[in-house]
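User: I should be grateful for a close look at a single part of this complex, namely the sheet of one chain together with whatever packs against it. Please then place that part within its surroundings.

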Amino acid sequence: MQPIDEIRVRLDGDVQKLESRVAGKSAAQAPALASGPEEEGPTPARQFEDLKVRYLGKKGEISGLLRAMGTLPAEERPGFGKLVNELRDRAEALFAALQERIQEMEIAGSLAGSKLDPTLPGYRVPLGSLHPMSQVREEIIAFFQGLGFELAVAPEVDNDWYNFEALNIPPDHPSRDMHDTFYVDDKVVLRTHTSNVQVHYMETHPDQPIRIIAPGFVYRVDNDATHSPMFQQVECLVVDKDISFANLKGTLFLWARHMFGAETTMRFRPSYFPFTEPSAEMDVSCYFCKGTGTVPTGTGTVPAGTGCRVCKQTGWIEIGGCGSVDPNVFGKVGWDAEKYTGFAFGFGIDRITMLKYGIPDISYLTRNDNRFLRQF
Amino acid sequence: MEVSLNWIKKYVDLSGADDPGALSKALTSLGLEVEGMRIVGALPGVVSAEVLECGRHPEADKLSVCSVTDGTETYPVVCGAPNVAKGQKVLLAKVGAELPGQGPGQPGLKIKKAKLRGQESHGMICAEDEVGLGESHAGILVLDPATPLGLPMEKIPGLGDVIFEINVTPNRPDALCHTGVARELAAVLGKPLRYPAAALREAGPDIAGLIAVELEDKQGCTKYVGRAIRGIKVGPSPDWLVKALKSIGKRSINNVVDLTNYVLFEVGQPSHAFDLNKIRGRKVIVRKGRAGERLKTLDDAERVITVEDMVIADADGPMVLAGVMGGKDSEVDAATTDIFLETAYFTPSVVRRQGRRHGLSSDSSFRFERGIDPLNTAWVSDYLAALIARECGGEVAGGRLEMTAADHPTQPRNVSLRPVRAEKLLGTVLGAETCARRLESIGLVRGAAARMNGEDSIAFAIPGFRGDLEREVDLIEEIARLGDYNGIPVVLPSLPLGFKALPPLESLARRLRHHLRDAGLNEALNLRFSSRKVLAKLGLAADDPRSACVPLRNPLSEEWEILPTTALPALLNAAAYNQNNQERNIRLFEIAKSFYHRPEFRTERAPGVLEEEMLYVVLAGEWPDRRPWGSDAVASMPVEFHHLKGILENLLAAAGVKARLAFPGSETYLHPVECGRILADLAPPVPGTEVLCGTLRAAGRQKAAGIGCFGILHPRVLAAFALKGPVLVAELSLAGLLAAIPEEKKFAPFGHFSTMSRDLNLVVEDYRTHGEILAQIPSSRIPILQEVRLNSVYRGPGVPDGKKALHYSFIYRHAEKTLTDEEVNKVQEKLNQELAKDSGIVFK
């Protein structure tokens with residue numbers, strides 16, 4: 001039995017030696033261990049292979065023992081064989097464990113050896129941009145689509161009838177002064193508002209409930225820091241048998257809170273539009289100063305306590321005009337104004353875009369400066 | 001319109017309710033939007049004070065040493081005014097007060113502690129001019145002895161004022177005067193309105209003996225009232241009148257003219273005073289103008305009268321452009337002793353038209369065209385005559401000359417209101433009493449109760465000044481307005497659930513926008529205005545449909561005189577603008593409308609203008625490499641034709657239509673060779689959409705219709721827009737895309753067997769195209785050929801000059817079995833033989 005014990009002791013010693021060599025390597029040295037220059041003799045992986053062959057190879061020491069078994073007396077063979085098998089099992093277990101250790105060490109080494117600079121820019125074609133007005137427009141459409149509104153359109157160059165007369169704005173009426181109109185000729189104008197959609201839609205969808213939203217470009221002879229000769233409006237029209245001014249307020253309130261935040265409050269001021277009666281202007285509380293007129297703390301960019309520039313210290317932001325559909329408009333398109341009531345409102349997408357992104361001058365919206373467009 | 005608070009206070013008692021901020025809010029919430037407010041006579045540190053002591057300055061004869069108190073403290077003040085005296089109430093500018101400069105551009109005066117010839121002075125007793133209240137520097141301003149001490153200047157009765165700038169909407173001519181604004185305030189404050197009055201005393205002969213009036217134009221003028229006043233003295237206006245007019249920015253002219261203006265701003269009725277002795281033939285005729293007539297108006301302009309105009313004429317010719325402006329020849333001047341006073345109701349549209357015809361607007365025409373009170377004409381005539389007699393002397397001749405057209409209203413109109421209708425329309429509970437009370441507060445007179453359409457109603461008599469209240473709904477608006485809109489509840493409408501998909505055009509435009517954004521392009525937005533001059537830079541042929549742009553009659557400028565048929569010039573200008581800003585990468589797109597002037601489509605209601613949505617792409621400068629910093633990458637490369645082509649190929653796929661690119665294109669503004677067309681097979685047109693124009697010029701064509709084009713911008717166009725090239729451009733009709741047959745997505749079975757490939761190197765003349773070579777491969781006859789892949793195009797060493805090497809891979813796969821080398825070789829061999837028939841192809 002002596003040779004078995006001898007071999008076992010040597011095996012344990014060799015395995016332990018290699019194990020301690022592997023364990024002694026810190027992660028930082030590991031690469032050298034796996035593949036580095038062999039300054040300290042063979043690598044652990046190589047040593048492992050040598051050891052494994054020496055003990056478990058076909059011509060290895062354990063096989064040698066088995067071959068030597070034939071020289072033993074027959075009665076000793078079973079006992080010897082059992083011990084050799086135990087030794088082989090032990091060796092296989094030891095080598096399997098050691099191999100796992102070495103493989104782990106190698107993986108750890110290869111991972112830690114990464115030279116990747118993850119902070120370098122990603123490979124990509126830089127994303128382009130959608131015009132801020134397109135984004136606000138889509139957001140508004142999505143809101144009203146969610147309420148079951150249909151998107152409707154009408155021409156931008158239109159007959160006087162649709163832009164004015166059917167909207168209760170007769171020729172030679174002073175309310176035409178409220179519209180600085182571009183004319184193509186006596187009867188054809190660039191629409192001054194999206195309200196022409198109301199007429200087109202009611203004419204083509206007679207005597208039925210209506211729920212439409214109509215965004216689009218409109219034109220006025222006007223050009224300064226807050227007015228562009230071409231700008232974008234959204235028109236809403238709801239007509240049914242029991243639509244009230246209170247419904248107008250309810251719908252606008254829902255929208256205002258969606259657009260400007262859940263704390264938004266609103267106020268209505270009487271106004272005049274020939275195609276609505278009663279008519280109103282709608283203001284919402286300033287989302288920036290929360291209606292106080294004074295910059296609140298914690299906004300970062302502007303010192304707290306100074307006057308709010310978003311609402312010019314009034315606490316309110318003018319949003320747009322609205323009202324109940326004037327019976328004359330129903331009359332012009334041949335609807336029964338006793339049977340139907342409705343409301344309409346309109347507001348400027350440009351203005352809301354400027355508010356939302358803090359754009360100080362309307363001309364940025366159409367100058368197409370790359371430095372502007374890329375911000376959105 | 002400017003409104004003076006002092007003036008308003010004459011008609012309504014605002015005691016305890018005259019805070020300017022609160023009044024401004026009240027007016028705005030009544031629909032009389034206050035756009036601006038000016039506090040007059042507010043000078044911080046200037047207060048009412050009393051002179052306690054006043055003695056001669058020991059060192060200077062002309063100075064007094066005073067002791068002045070503002071009620072809390074007493075100050076030593078040295079004063080140079082001759083009229084200062086003990087016991088006076090005066091205006092004291094305390095130390096720290098800043099007085100306005102004397103005259104425009106003059107520096108102001110800051111009051112400091114000073115020593116005047118050895119005497120301490122801690123303030124200044126002010127003269128009128130020093131505090132900006134008037135011109136007088138004759139001495140210090142002495143206040144009413146009853147003035148309380150220590151009042152800030154603007155609060156001292158008679159000194160300060162508040163001027164409201166009110167935006168009066170066109171439906172409210174009644175609010176274009178002080179009594180009108182006062183009436184609104186009185187209504188919300190629950191106070192009575194004190195309407196002005198003046199006692200009229202007639203004397204001397206009857207007016208009929210002095211002058212005659214003929215009302216010829218009964219359409220243009222439905223009421224004309226004349227009075228005569230004789231023996232007046234024309235001169236400067238009294239102080240109160242000058243101040244009142246000055247407070248709202250009106251210049252004083254003379255007492256007669258000022259009084260007519262005063263009454264205009266007081267009650268809203270314009271009047272005109274003629275010099276009675278300048279009226280030739282002693283006859284005033286209201287009539288249409290006559291061809292060839294001329295009139296020199298008060299603004300010194302010589303007006304050519306047309307037959308459409310309405311004039312006030314005498315026997316010889318026009319004296320006044322009716323309702324708009326008076327004439328020089330009949331004006332009241334210093335020598336005038338007798339006047340004829342006109343107070344009339346002119347038809348709004350008539351006044352408006354003639355004002356526009358002559359480019360004239362006046363305070364009078366502004367009110368006439370909005371509609372003045374038709375029931376108050378005679379009263380104003382009497383009232384104004386009384387005022388003139390009072391302030392200018394003279395006597396009012398007996399009686400009025402009064403002409404009334406048959407259709408002129410003589411009674412208030414009646415309008416019925418159903419309170420339940422008001423509640424239904426507003427969505428709030430009011431009750432009949434509340435409705436009636438609110439309407440009565442602004443002068444409506446409640447009449448009989450009745451039934452209307454099965455509901456209770458109340459009739460209301462509408463006062464003449466509210467011509468805008470014609471219908472029930474107008475009364476409902478008044479009820480809402482007077483009760484504050486913010487009191488109406490906030491209620492969502494109860495409507496049935498429903499869903500409406502976006503219209504196809506909107507949904508397509510959105511898809512294209514998002515796709516191009518993801519592809520790295522920036523969405524632009526241009527003003528649609530352009531000019532024929534800019535459009536001409538594209539070099540379009542004379543018969544090009546895109547020459548039919550829409551001209552504007554009143555453009556903002558020469559550069560913006562049309563709505564163009566193409567937005568491309570605008571986008572090219574944007575590219576040039578960015579190039580001038582040293583922007584290297586220009587990747588712009590825009591979805592914009594094209595406008596075509598097509599009179600043949602004009603009808604009674606259709607404008608004869610076609611609108612078409614177009615997509616434009618402009619690329620210039622560099623295109624970013626996907627690997628901007630890799631060792632084998634260039635940071636970026638000049639943008640090329642094939643960048644744009646790739647973008648379009650993906651775009652068409654994203655749009656989901658059967659469209660293809662064809663070469664070359666033919667577009668005037670593009671490179672003649674480096675350009676292509678976008679073709680699509682169109683679905684049969686939906687009725688009503690047959691007419692497509694723009695790039696979709698092949699109207700009616702179904703197969704391979706051109707829906708767009710793209711390529712390198714022509715060098716001439718490049719130069720015309722001052723662009724640095726190359727610039728790549730694409731143009732695509734959204735209508736074309738919508739009309740194109742959609743690409744239907746259906747599952748196609750694919751084999752699970754692996755592919756095999758064969759490579760081929762071909763050398764061809766440089767001018768030969770990839771497309772030609774592909775066309776010679778009989779793909780349809782080789783079902784196992786999955787793909788022909790171009791790997792490289794090479795020119796250089798190893799390839800003769802003037803030739804290029806093309807490296808292709810042919811990918812084979814059988815749907816049902818694994819291919820063998822022999823099978824693939826056989827197919828490739830046949831394919832090579834096919835290609836070899838082309839003598840220009842050399843295998844390498």
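Analyst: In this predicted model, the centres of domain 1 and domain 2 of chain A, taken over C-alpha atoms, are 85 Å apart. The assignment places domain 1 at residues 2-112 and domain 2 at residues 132-373. Chain A contains 13 helices and nine strands. Its radius of gyration is 42 Å, well over the 21 Å that the globule rule gives for 376 residues, so chain A is more spread out than a compact globule. Along the principal axes, the C-alpha atoms of the chain fill a box of roughly 130 × 50 × 40 Å. Buried residues make up 40% of the 376 residues in chain A. Of its contacts between residues at least 6 apart in sequence, 68% connect residues at least 24 apart.

The sheet itself comes next. Seven strands of chain A form an open sheet with mixed pairing, in the order β1-β4-β5-β9-β8-β7-β6. Its edges are β1 (150-151) and β6 (266-273), each of which pairs on one side only. In general, the strands of a sheet pair through backbone hydrogen bonds, in either a parallel or an antiparallel manner.

Strand β8(A) deserves particular attention. Eight of its ten residues are buried, so the strand is largely enclosed by the rest of the structure. On one side, β8(A) (residues 316-325) is joined by eight bridges to β7(A) (residues 276-285), and these two strands run antiparallel. Within this pairing, A:C322 of β8(A) stands opposite A:A280, while A:W316 of β8(A) is the bridge partner of A:S285. Five bridges link β8(A) to β9(A) (residues 341-348), again in an antiparallel arrangement. Here A:C322 has A:F345 of β9(A) as its bridge partner. The residue A:C322 therefore has a partner in each of two strands, A:A280 in the pairing with β7(A) and A:F345 in β9(A).

The sheet of chain A also meets an element of chain B. Helix α11(B) (residues 472-482) lies across β6 and β7 of chain A, and runs at about 30° to β7(A). Ten of the eleven residues of α11(B) are buried, so this helix is largely enclosed by the rest of the structure. The buried set comprises B:E472, B:V473, B:L475, B:I476, B:E477, B:E478, B:I479, B:A480, B:R481 and B:L482. After the helix comes B:D484, which has a positive phi near 75°.

To place this helix in its own chain, the domain assignment of chain B may be considered. It gives domain 1 (2-41 + 162-189), domain 2 (46-159), domain 3 (202-404), domain 4 (415-487), domain 5 (507-739) and domain 6 (756-843). Between domain 1 and domain 5 of chain B, the C-alpha centres lie 55 Å apart.

Two further regions of chain B complete the surroundings. One involves B:E342, a residue of strand β24(B) (residues 339-346). B:E342 is buried, with 25 other C-beta atoms within 10 Å. Leaving out residues up to four places away in sequence, B:E342 touches B:G226, B:S271, B:H272, B:F274 and B:I312. Although B:S271 is 71 residues away along the chain, its C-alpha atom and that of B:E342 are separated by 5.5 Å. Strand β24(B) also contributes to the cover over helix α6(B), where the elements over the buried residues include β21 (310-313), β22 (318-321) and α7 (363-370) as well. The buried residues of α6(B) (residues 348-357) are B:P348, B:V350, B:V351, B:R352, B:Q354 and B:G355. Just after this helix, B:G359 takes a positive phi of about 60°.

The other region concerns nonpolar packing. The largest nonpolar core has 256 residues, and B:L571 and B:V618 have the most contacts inside it. Strand β34(B) (residues 609-624) gives the most to this core, namely ten residues. Not counting neighbours within four places in sequence, B:V618 is in contact with B:L571, B:L572, B:A575, B:I586, B:L588, B:V727 and B:V729. Another core, of 29 residues, lies apart from the largest one and includes B:V46, B:V47, B:V90 and B:M153.

Note on methods
Residues are numbered from 1 along each chain as its sequence is written. Chains are lettered from A and ligands numbered from 1 in the order in which they are written. This is a predicted model: local features need pLDDT of at least 70, side-chain atom pairs count only at pLDDT 80 or more; totals for chains, interfaces and linings use all residues. A nonpolar core is a set of buried Ala, Val, Leu, Ile, Met, Phe, Trp, Tyr and Cys residues joined through C-beta atoms within 7 Å. A residue is buried if 20 or more other C-beta atoms lie within 10 Å of its own, exposed if 12 or fewer, and partly exposed in between; C-beta atoms are placed from the backbone. Helices (H or I, at least four residues) and strands (E, at least two) are DSSP runs, numbered from the N terminus. Two residues are in contact if their C-beta atoms, placed from the backbone, lie within 7 Å. Axes are lines fitted to C-alpha atoms, for helices over the stretch in contact, and angles run from 0 to 180 degrees between N-to-C directions. The radius of gyration is taken over C-alpha atoms; the globule rule is 2.2 Å times the number of residues to the power 0.38. Domain bounds come from an automatic or database domain assignment.
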